[in-house]
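Please find below my notes on this entry, set out as numbered points. They begin with the ligand surroundings and then turn to the helices and the chain as a whole.

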Amino acid sequence: MNIFGFRISPSSAINLDNVDKERFRELCRIEPDAVRCMACGSCSATCPAAGFSGMSVRKVLLYLQRGKEEEAFKLMSNCMLCGKCTMVCPRGINTRHLILSICRIYDKEEKK
Ligand code: SF4
Ligand code: SF4
């Protein structure tokens, strides 16, 4: 049977009060560039992996800030560490180093 009319989609709101921010704070302590990103998208525009995987440094940072670590790592698994994003970032962020630091910090937490 066809169902007509409108349905309300489930809310996609994220309650940041419920997000464990300790890992992201740790990242910012050793890699202050993590909060300097202005989400301009230049890195995604130049990333060779973005076209087929959606890899984006700004998305990775947003996911981590929102406690969506699994999604962030799914994106980062497509990064080839080529460094093209580092060359174009207008904030001078060493994005490749940032990605490596994210892997180190979050992996260290996983092993606890
Ligand atoms: S280092 Fe990773 S995120 Fe940056 S351009 Fe290369 S593949 Fe993309
Ligand atoms: S190019 Fe730099 S400032 Fe722009 S979104 Fe990427 S990391 Fe952020």
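1. By residue class, the shell around ligand 2 comprises 9 nonpolar, 3 polar and 2 charged residues; as the model is a predicted one, this composition should be read as a computed property of that prediction. The shell holds 14 residues, of which Cys 37, Cys 40, Ser 42, Cys 43 and Cys 89 are the closest to ligand 2. Two elements, helix 2 (42-46) and helix 4 (57-65), each give two or more residues to this shell.

2. Ligand 1 is likewise surrounded by 14 residues, and those that come nearest are Cys 47, Cys 79, Cys 82, Lys 84 and Cys 85. Helix 6 (84-88) and helix 7 (95-111) are the elements that each supply at least two residues of the shell around ligand 1. Sorted by class, the residues of the shell around ligand 1 fall into 10 nonpolar, 2 polar and 2 charged.

3. Helix 4, already named as a contributor to the shell around ligand 2, deserves a separate look. Which residues of helix 4 are buried? They are Val 57, Lys 59, Val 60, Leu 61 and Leu 64, so that a lysine is listed among the buried positions by the neighbour-count criterion of 20 or more other C-beta atoms within 10 Å. Just after helix 4, Gly 67 adopts a positive phi of about 75°.

4. The packing of helix 4 against helix 5 (residues 69-76) is described by an angle of about 160° and by axes lying 7 Å apart. Because angles over 145 degrees count as roughly antiparallel, helix 4 is roughly antiparallel to helix 5. The crossing of helix 4 past helix 5 is left-handed.

5. On the helix 4 side of this contact stand Lys 59, Val 60, Tyr 63 and Leu 64, which meet Glu 69, Glu 71, Ala 72, Leu 75 and Met 76 of helix 5. The residues of this contact divide into 6 nonpolar and 3 charged, with no polar ones. Lys 59, Val 60 and Leu 64 thus appear both in the list of buried residues and in the contact with helix 5.

6. For the protein chain as a whole, the secondary structure amounts to 7 helices and 0 strands, with the pattern α-α-α-α-α-α-α when read along the sequence. Its C-alpha atoms fill a box of roughly 55 × 35 × 25 Å along the principal axes. Of the 112 residues, 21% are buried. Among contacts between residues at least 6 apart in sequence, 58% join residues at least 24 apart.

Technical notes
Residues are numbered from 1 along each chain as its sequence is written. Chains are lettered from A and ligands numbered from 1 in the order in which they are written. This is a predicted model: local features need pLDDT of at least 70, side-chain atom pairs count only at pLDDT 80 or more; totals for chains, interfaces and linings use all residues. A residue is near a molecule or strand if its C-beta atom, placed from the backbone, lies within 6 Å of it. Helices (H or I, at least four residues) and strands (E, at least two) are DSSP runs, numbered from the N terminus. Ala, Val, Leu, Ile, Met, Phe, Trp, Tyr, Cys and Pro count as nonpolar, Asp, Glu, Lys and Arg as charged, and the others, Gly among them, as polar. A residue is buried if 20 or more other C-beta atoms lie within 10 Å of its own, exposed if 12 or fewer, and partly exposed in between; C-beta atoms are placed from the backbone. Axes are lines fitted to C-alpha atoms, for helices over the stretch in contact, and angles run from 0 to 180 degrees between N-to-C directions. Angles under 35 degrees count as roughly parallel, over 145 as roughly antiparallel, 65 to 115 as roughly perpendicular and the rest as oblique. A crossing is left-handed if the near helix is turned anticlockwise from the far one by less than a right angle, and right-handed if clockwise. Two residues are in contact if their C-beta atoms, placed from the backbone, lie within 7 Å.
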